[in-house]
Amino acid sequence: MEVLSPDGGPPYMVRFDDGHTGLVFPGPDAVVVPK
């Protein structure tokens with residue numbers, strides 16, 4: 001939903017499949033897939 005850092009890095013505001021939203025700080029092995 002939103003990238004909160006000016007450089008495009010974490011944290012990311014995401015909406016999960018069940019509808020709730022939250023901040024995500026992905027680990028080094030995470031893959032970010034844009035919608």
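The predicted model holds an open sheet of 3 strands in the order β1-β2-β3, with antiparallel pairing; strands are DSSP runs of E with at least two residues, numbered from the N terminus, and two of them pair if DSSP finds at least two bridges between them. Because β1 and β3 stand at the edges, each with a single partner strand, one side of each is left without a neighbour in the sheet. Residues are numbered from 1 along each chain as its sequence is written. As befits a predicted model, local features need pLDDT of at least 70 and side-chain atom pairs count only at pLDDT 80 or more, while totals for chains, interfaces and linings use all residues, and side-chain values use heavy atoms, with hydrogens and water left out.

Strand β2 is joined to β3 (residues 21–24) by 4 bridges, and the two run antiparallel. Together β2 and β3 make a hairpin with 5 residues between them, and G19 in its turn has a positive phi of about 100°. On the other side of β2 in sequence, the loop between β1 (2–3) and β2 (12–15) contains P11. A cis peptide bond, with omega of about 10°, joins P10 and P11. For context, most peptide bonds are trans.

A good residue to follow next is L23, which lies in strand β3 and has M13 opposite. With a relative accessible area of 46%, L23 is partly exposed (between the cut-offs of under 20% for buried and over 50% for exposed, with a 1.4 Å probe and protein chains only). Its contacts, defined as heavy atoms within 4.5 Å, are with L4, P11, Y12 and M13, not counting residues up to four places away in sequence. L23 and L4 are 19 residues apart in sequence, with a C-alpha to C-alpha distance of 9.3 Å.

Turning to the surface, the largest pocket has a volume of about 250 Å³. A pocket here is an open set of points on a 1 Å grid over the protein atoms alone, where a 1.4 Å probe fits, with protein on both sides within 12 Å along at least five of seven lines; lining residues have an atom within 4 Å of a point. Grid points are joined across faces, edges and corners, and the volume is the space filled by probe spheres set on them. The lining includes M1, V32, V33, P34 and K35. Strands β1 and β2 each supply at least two lining residues, and the largest share, 4 residues, comes from β2. By class, the lining divides into 8 nonpolar, no polar and 3 charged residues (nonpolar being Ala, Val, Leu, Ile, Met, Phe, Trp, Tyr, Cys and Pro; charged Asp, Glu, Lys and Arg; polar the others, Gly among them).
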